[in-house]
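Trainee: Could you take me through one part of this model in detail? I'd like to start from a single pairing in a sheet and work outwards from there.

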Amino acid sequence: MRYTALAVDYDGTIAHDGVVPPHVIDGLERLKATGRRLLLVTGRELPELKTVFPEVGLFDRVVAENGALLYRPASAEEEELGDPPPRGFIEMLRARGVPLSVGRSIVATVTPHEAVVLDVIRELGLERQVIFNKGAVMVLPAGVNKASGLATALAELSLSARNVVACGDGENDHALLDSSEYSVAVANAIQSLKERADRVTAEKRGDGVLEVIADLIENDLARAQPARPRRVVVVGRDAAGDNVSVPAAGVSMLVTGGPRSGKSTFVIRQLERLAACGYQYCVIDTRGEYLQFNPAVVFGTAEHAPDATEVLTALQKPGVHAVVCLVAIERARRTAFVADLMRRLVALREETGRPHWIVLDEAQEVPEGRSVRSQLADEPAENLIHVTSDPGRLAIDMLAEADVVVGRGPAAHEMLATVAARMELTPPAEPEHAPREGEALVWFRRARGAPLLVQLPRRDAMKTRENEQVGRLLRRA
């Protein structure tokens, strides 16, 4: 199961004229019965929401006041996620005749009073933001929005935003949909939301949400791919200077090359970029190549074998990445350990959708374990990276899983040709020269085209672009 949670807006999304129809509630109940979590993310104040929506207990968490208040229906606990509005701010607005609704953090009015609101914020020197939604004007603490509230709720539930489907209809749902893995604008949504969403439903409001629920239950959205890729990992640039990218989910890779060709360096850079997008990974490290990989928690050393239970416990937290070092495990026991760990990782994936990526380093050393495909039954084997210096020794099903084959070092083309021969494919065309330092051959195998000679980005350049991306996100928030 990839999508383990559904986050929905209230007014205009599941509710029509403030009321959620019974058949929409029935659909939400059916989705929850599959083991998925439900989150309600709304601009409404909590007391009002409870009055108009007595079925609020159907949701695992409720984010109210446009991200400023978290409600736990099972325990009836409430947690403020933003500061209360200054009393002087409220008094000045009322003195100027602005109609107000005041929550724990939110201050709401309607257009055309936003001009007065902005004037008062400037006069008082407040750090408050104004968010619009179909005639509503909401004033919130800086940095508080539906995405920030959802992030808090997901952390409590040990869920990742990379496993969330979000549905909305209005201006204030942009942050919610942008933060999710799969975004849905219902048919009655504003045009700008539709243009950025992964999917626009055929029906309006709750009936549109039911379309998504039906696809989640039937095939986990496997037959409802996003309109356009939102998250990709840039591998490098081709000869024309164009970006060469792979999807951040839904594909698998084989990374090959001779000893000291830079295979591990390439994989580490990929994992850094995936982690920056919010994807969790687990590396099964046969030779200790990743012991100094700081972003991850390392289990096992050259002298001490890892404990699989400790690995699985750590991965229950979405923000934890793991490296499992097998160096201290005797070779006679290694295959059995990997097979057991892989089974448990697959079970965790089925429950939580994570770890999003699994890396098996020097995969030829555990050929009897074959691949994760044997553990997945009818499920597609996705988001795997097999790393090998000898593709000729890999099990055929490992090779068959690779959508993208990456070759490093002087023997890169020879390695790709070996993969093609093992799979009875036409050998890939040979490049003008073998990959040099900082280059790789990238073969999109299913496209049957020639491998691309790709210039890999320097790590400092990658960090600069990541920092620029983070800066844009912060400014947008």
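Mentor: Happy to. Let's begin with Cys167, whose bridge partner in strand 11 is Val184. Keep in mind that this is a predicted model. The pair belongs to a run of 4 bridges between strand 10 (residues 164-168) and strand 11 (residues 182-185), and these two strands are parallel. In general, the strands of a sheet pair through backbone hydrogen bonds, either parallel or antiparallel.

Stepping back, we find strands 10 and 11 in an open sheet of 8 strands, ordered 5-4-3-2-1-10-11-12, where the pairing is mixed. At its edges are strand 5 (77-80) and strand 12 (199-200), each of which pairs on one side only.

Now for the nonpolar packing. The largest nonpolar core has 55 residues, and the members touching the most others are Leu6, Ile14, Leu40, Phe53, Phe59 and Val165. Val165 lies within the residue range of strand 10, which links this core to the pairing we started from. The biggest contribution to the core comes from helix 8 (residues 205-219), with 5 residues.

Ile14 is a good residue to click on. Leaving aside residues up to four places away in sequence, Ile14 touches Leu40 and Phe59, and its other contacts include Val19, Val20, Pro21 and Val24. Gly206 and Val209 are also among the residues that Ile14 touches, and both numbers fall in the range of helix 8. Separate from all this is a second core of 38 residues, which includes Ile284, Leu360, Ala402 and Trp443.

Definitions and conventions: Residues are numbered from 1 along each chain as its sequence is written. This is a predicted model: local features need pLDDT of at least 70, side-chain atom pairs count only at pLDDT 80 or more; totals for chains, interfaces and linings use all residues. Side-chain values use heavy atoms; hydrogens and water are left out. A nonpolar core is a set of buried Ala, Val, Leu, Ile, Met, Phe, Trp, Tyr and Cys residues joined through side-chain atoms within 4.5 Å. Buried means under 20% relative accessible area, exposed over 50%, partly exposed in between (1.4 Å probe, protein chains only). Contact means heavy atoms within 4.5 Å. Two strands pair if DSSP finds at least two bridges between them.
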